[in-house]
Amino acid sequence: MKNFSRCLIFIVLVISGSAQADGMTLADIARLQSVGQVEISPDGRHIAYTVSVPRDLEKEDDGPAWRELHVLGPDGESVEFIGGAVNIGSIAWRPGHDVITFLARRGEDDHSQLHGIALGGGEARKLAELDGGVAGYSFSPDGKRVALIGTDPDSDELGALRERGFDQVVFEEDLSERELFIVELETPDAEPSVIEVEGSVQAVRWSPDGERLALAVTPRQLVDDTLMFKRIRIIDAEGAELARVDNPGKLGDFRWSPDGEHLAMIATTQVNDPREGRLIVTDRDGDGWTHLMAGIEGHIWGIDWADNGDIVYLIHEGVESRIGRIEVDGDNDRTLLQQDGLIVARISVSQRGPIAFAARRSEHSSEVFLLDPGGGEVERMTRTNPWLEGMELARQSVFEYEAADGLALQGLLVWPLDYREGQRYPLILAAHGGPEAHYSNGWLTSYNLPAQHAAAQGYFMFYPNYRGSTGRGVEFTLSSQGRPAKEEFSDLVDGIDALIAAGLVDADRVGITGGSYGGYASAWAATYYSERFAAAVMNVGLSDKIAMFGTSDIPQELYLVHYRTWPWENWELFREASPIYYADQAQTPILILHGDADPRVHPTQSMILYRFLKLQENPPPLRLVLYPGEGHGNRRAASRWDYSLRLMRWMDHYLNGEGGDPPPHAIEYGLDGETG
């Protein structure tokens, strides 16, 4: 069994008030900012980007993080264009104008509308609006027209009825489909014209020749449809359908070539592929499909076009990432950038050649970088959290091991800050969701997976990519389908055994946490594998596979890319893969956390696990915490802060503390001396 670790960085985490080590506190984690979208100007001289800024609960009302607009100039200096209590999204550059465009609610807007701000400064102004708000947009190549995606608002009559209490919802029938509109921007007071499209429009791209628009369309505005049945339709500006691209399965980003003769897309070649990650090229009429880079053991994460007609792509391979460039016919594939530990999330290519991208390393969250594709030089352009650079950091390394059946697996290991050779430490295993997701060798700390905090407290924290994860190619992602909770979860235990065999981990002090499918893994660990885990924290997780099918908003995805069978075709498979089926053998202390408005994994999944465990003759220590208004993961600053504190207190109590009964349910938040 192989186990090799490449030292990359040092990370430190500290819980508030801890005296174990210097470094980051949970409060530091709560204030971490990060770069989101990055868009380079066509001439390559300016980079517009968004920054996520968490709310300061001691000074601001609770809510999700703000999103600010910043711009980097040719001198490398960054300017905050629109900051403060704002939520900027979908940034772009208006063709033919030195104007940055974005979607936001500003002033008296009831919904997000299309705004623009001149590169030279001044106030942002509204460019176009829809009564029901703008959900997406694309400019004509001359910048004189814009295609908008939006929904019609309730009629005055229906609005009046809702105000009188008639606010019933007709499940999956009373839907607001997304429509396509075109606005003439240089005609004063021009009204949006509706373009008739069959289905619900999810995305739009105007072709560079101005003659065509490529649309991503779903049959209905259902989450399941947007995940599994998104298809490309090509129309003219009057709405006449010119072509169809009936791609099977999931569809990601798609973009026109500079000459408008080709369309590149991130898609799948089979309906059962759980993650769009193939690079597909078709001609302007949707014909002549070409699957570029067939057989790659990775997943395409982003695409753009170079000015000469080459495709620039971002690929995630294993725990690393790479930027490459390939000709439209698949020839001359070459790497532009690959650095171990530099994890690229988004790319934006200018007409002049420079490539801007957002990336993270294990010592910092997402930042803006600039790549010269000719010379291969890379420069980090922003330092969003400058206070991080003076902190002591704990070691992070790649950990490779073999599963029981010989399959080679990878994960990331964050070491205790005060690690001493020959000493064994407690472990927190972080199981990712999906399972069509993966961990990369970059920044790993978040409110629900506080690696730095755990390291400063003397824990190992392990992030394994079990079978079914992305980043290893299609065959690897398909390997767990139809076998829920079998080899995919034994991969987690095999990783723990490898760490124990390496002399690193104390087998009696192993905890697990994760959200969604990672929450499912945590519930499985606390029931089926109860003898192996001393603590578990389950977040928005699954416990009853049969009920999950009936209450989730993604039943088609569950069938097509997870289980490959319906419950009524194999009741036993679903029953035996449900943690509640093993409630009578559970002894692992488990903290269960869930948003009470979760549409993906209904909160009853947590409630039924809690109840089944509570009713046992000798129930394990357990607690259920529900977050009002939160969905599939917490967005508000207060519920994130509460989550972080509860997670680490549970692990400290059962892996490093006295154990026994759960700690008190009240939390000391440290906000002006208040206690919850």
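Which strands does helix α6 lie across? Helix α6, residues 487–501, lies across β31, β32, β33, β34 and β35. Its direction makes about 110 degrees with that of β31. This is a predicted model. To see what α6 rests on, turn to the sheet.

The sheet is open and has eight strands. Their order is β31-β32-β34-β33-β35-β36-β37-β38, and the pairing is mixed. Two strands stand at the edges: β31, residues 396–402, and β38, residues 622–627. Each has a single partner strand, so one side of each is left without a neighbour in the sheet. Neighbouring strands are turned by 20 degrees against each other on average, with direction ignored.

Start at the β31 edge. β31 and β32 pair in the antiparallel sense, and seven bridges join them. The two strands form a hairpin, with five residues between them. In the turn sits Gly-406, whose phi is positive, about 95 degrees. Look for Gln-396, which stands opposite Val-414 in β32.

Now move across β32 to its other neighbour. β32, residues 408–414, is joined to β34, residues 460–465, by five bridges. These two strands also run antiparallel. Val-414 stands opposite Met-461 in β34, and Leu-412 stands opposite Tyr-463. Is β32 mostly covered or mostly open? It is mostly covered: six of its seven residues are buried. When you follow a strand like this on screen, keep one rule in mind. In a regular strand, side chains alternate between the two faces of the sheet.

A second helix packs on the sheet: α7, residues 517–527. Helix α7 touches β33, β35, β36 and β37. Its direction makes about 140 degrees with that of β35. Tyr-517 lies in this helix. Tyr-517 has a relative accessibility of 5%, so it counts as buried. Which residues does Tyr-517 touch, leaving out those up to four places away in sequence? Among them are His-432, Gly-433, Gly-434, Pro-435, Tyr-466 and His-562. The list also includes Glu-488 and Phe-489, and helix α6 spans residues 487–501. Gly-433 is a good example of how folding joins distant parts of a chain: Tyr-517 and Gly-433 are 84 residues apart in sequence, yet 4.2 Å apart in space, C-alpha to C-alpha.

Pro-435, one of the residues that Tyr-517 touches, deserves a second look. Pro-435 is found in the loop between β33 and α4. The peptide bond from Gly-434 to Pro-435 is cis, with omega near 10 degrees. Most residues other than glycine have a negative phi, and most peptide bonds are trans.

Two residues show the phi side of that rule. Ala-485 has a positive phi, near 65 degrees, and is not a glycine. Ala-485 is placed in the loop between α5 and α6. Its relative accessibility is 8%, so Ala-485 counts as buried. Ser-90 also has a positive phi, near 50 degrees. Ser-90 is found in strand β7. At 35% relative accessibility, Ser-90 counts as partly exposed.

Strand β7 has a partner of its own. β7, residues 89–93, runs antiparallel to β8, residues 99–104, and three bridges join them. Gly-89 stands opposite Leu-103 in β8. The two strands form a hairpin with five residues between them. Gly-96 in the turn has a positive phi of about 75 degrees.

Next, the empty spaces. How many cavities of 30 Å³ or more does the whole structure hold? A search finds three. The largest has a volume of about 80 Å³. Of the 13 residues that line it, the closest to its centre are Pro-435, Ser-480, Gln-481, Val-561 and His-562. Pro-435 and His-562 are also among the residues that Tyr-517 touches. Helix α9 gives the largest share of the lining, three residues. The lining divides into six nonpolar, five polar and two charged residues.

Pockets are open spaces, and the second largest has a volume of about 460 Å³. It is lined by 23 residues, with Ala-128, Glu-129, Ala-190, Glu-191 and Pro-192 nearest its centre. Two elements, β10 and β13, give two or more residues to this lining. β10 gives the most, with four. The lining holds ten nonpolar, four polar and nine charged residues.

Note on methods:
Residues are numbered from 1 along each chain as its sequence is written. This is a predicted model: local features need pLDDT of at least 70, side-chain atom pairs count only at pLDDT 80 or more; totals for chains, interfaces and linings use all residues. Side-chain values use heavy atoms; hydrogens and water are left out. Two strands pair if DSSP finds at least two bridges between them. Axes are lines fitted to C-alpha atoms, for helices over the stretch in contact, and angles run from 0 to 180 degrees between N-to-C directions. Contact means heavy atoms within 4.5 Å. On a 1 Å grid over the protein atoms alone, a cavity is a set of points where a 1.4 Å probe fits but cannot get out, and a pocket is an open set with protein on both sides within 12 Å along at least five of seven lines; lining residues have an atom within 4 Å of a point. Grid points are joined across faces, edges and corners, and a volume is the space filled by probe spheres set on the points. Ala, Val, Leu, Ile, Met, Phe, Trp, Tyr, Cys and Pro count as nonpolar, Asp, Glu, Lys and Arg as charged, and the others, Gly among them, as polar. Buried means under 20% relative accessible area, exposed over 50%, partly exposed in between (1.4 Å probe, protein chains only).
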